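Let's take a walk through this fold together, one stop at a time. Keep the viewer open and follow along.

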Amino acid sequence: MKLIVMDMQKALMDDELYNLQGLTANAVKLIQTARENEIEVIYIQHDAGAGTGFSMGDEGFEIADEVAPREGEKVFIKTVSSSFGNGDFASYLEATVDNTLMIIGLQTNFCVDATVKSAFERGYHVIIPEGTNSTFDNPYMTGEITCAYYFNEVWPDLFAECVSMDEAMEMLKNSEVIR
C-alpha cells in the first residue's frame, strides 16, 4: 500500500475549505501511522502555471506545514487534474509490485476524483478514508454535500473502497510492506 497525499498546498488549505480542521487532523493521523508502519507516503503538488500564485516558487504552491513531507519522501508535481498526468509518478507506481493506493487530499470533485478514476482504470485498488478529502462550496452544492456525494455515490463499489478512518488506520497498521 502507498499513501498518496494530494494537493494539500498552502493556497488551498483555506478556512473556506469544507472541514479544514477535520481534514487536517485525519491527514496527520494517516501520514503518521503510515510512516510508523513503513508505508510509503507520496506527495502530489498541483502547479497551475506562472502568474497564478499557485506555481513553483510561490508561497501558495508549498505543501501545508502540518502535512509536509519528510526528507526523502517522494514529491511529484502535476499540471493537470489527475496525478497520473505526471509520467514520472505513473512510471514510479508501475515499477512497484503493490497495487493498493490510499488517496487523501484536495479537491474532492477535481484532482482527487480524476486521480481515483485514473488509478482505477490502471488496475489499482483505491482506498478512500472518510473525512480525508475536501473541497469548496460551488454554485450547485456545498463542500459538505460534494464530499458526501463522491464518498457515498460516485466512488464506492466501482472506483474505490470507501472506508471509515478507523478502518483506514487498521489497514495501514496491518498492511504488508512490499519493497
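Start in helix 3, which spans residues 108-121 and holds both K117 and D113. The two sit four residues apart, or about one turn of the helix. An α-helix has 3.6 residues a turn, so residues three or four places apart point the same way. K117 and D113 form a salt bridge, with 3.2 Å between the closest N and O atoms. Keep in mind that this is a predicted model, so every distance here is computed from predicted coordinates.

Are the two partners buried or exposed? K117 has a relative accessibility of 26%, so it counts as partly exposed. D113 has just 9%, and because buried means under 20%, D113 falls in the buried class.

Just ahead of helix 3 there's a backbone detail to look at. The peptide bond between L106 and Q107 is cis, with omega at about -25°. Q107 belongs to the loop between strand 4 (100-106) and helix 3.

Back to charges. How many salt bridges are there when a Lys or Arg side-chain nitrogen has to lie within 4 Å of an Asp or Glu carboxyl oxygen? The count comes to six. One of them pairs D65 with K10, at 3.5 Å from N to O. D65 lies in the loop between strand 2 (40-46) and strand 3 (75-78), while K10 lies in the loop between strand 1 and helix 1, so the bridge ties together parts 55 residues apart in sequence. D65 is exposed, at 59% relative accessible area, whereas K10 is partly exposed at 29%. K10 and D65 also belong to a network of salt bridges that includes E59.

Another bridge joins E73 and R35, with an N to O distance of 2.8 Å. This pair, too, links distant parts of the chain. E73 is in the loop between strand 2 and strand 3, and R35 is in helix 1, 38 residues away.

Now go back to the loop between strand 1 and helix 1, where K10 was. D7 is in that loop as well, and its backbone deserves a look: phi is positive, about 50°, although D7 is not a glycine. D7 is buried, with a relative accessible area of 1%. A positive phi turns up again at E38, where the value is near 60° and the residue is again something other than glycine. E38 sits in the loop between helix 1 and strand 2.

D15 shares a loop with D7, between strand 1 (2-6) and helix 1 (20-36), but D15 is exposed, with 72% relative accessible area. On the surface, D15 gathers with D14, E16 and D137 in a patch of negative charge.

For a look at how a helix divides its sides, turn to helix 2, residues 87-94. F89, A90 and L93 are buried there. Seen down the helix axis, the buried residues fall within an arc of 95°, so they line one face of helix 2. What does the face turned away from that buried side carry? The exposed residues D88 and E94 are found there.

Finally, try some C-alpha distances. Helix 5 covers residues 165-174, and N174 is in it. N174 counts as exposed because its relative accessibility is 58%. Its C-alpha is separated by 8.3 Å from that of N37, although the two are 137 residues apart along the chain. E167 is also found in helix 5 and counts as partly exposed, at 44% relative accessibility. E167 and P129 are 38 residues apart in sequence, with 7.9 Å between their C-alpha atoms.

For another kind of pair, go to helix 4, residues 143-154, where I145 lies. I145 is partly exposed, with a relative accessibility of 47%. I145 and R122 are 23 residues apart in sequence, and their C-alpha atoms are 28 Å apart in space.

Methods. Residues numbered from 1 in each chain as written. Predicted model: local features only at pLDDT ≥ 70, side-chain atom pairs only at ≥ 80, totals over all residues. Heavy atoms only, no water. Buried < 20%, exposed > 50% of the residue type's maximum accessible area, 1.4 Å probe, protein only. Patch = residues over 30% accessible without salt bridge, like charges linked within 9 Å, V, L, I, M, F, W, Y side chains within 5 Å. Areas by Shrake-Rupley, 256 points an atom, 1.4 Å probe, with all protein chains shown as cover. Lys, Arg positive; Asp, Glu negative; His and termini not counted. Charge placed at Lys NZ, Arg CZ, Asp CG, Glu CD. Arc of directions from axis to C-beta.
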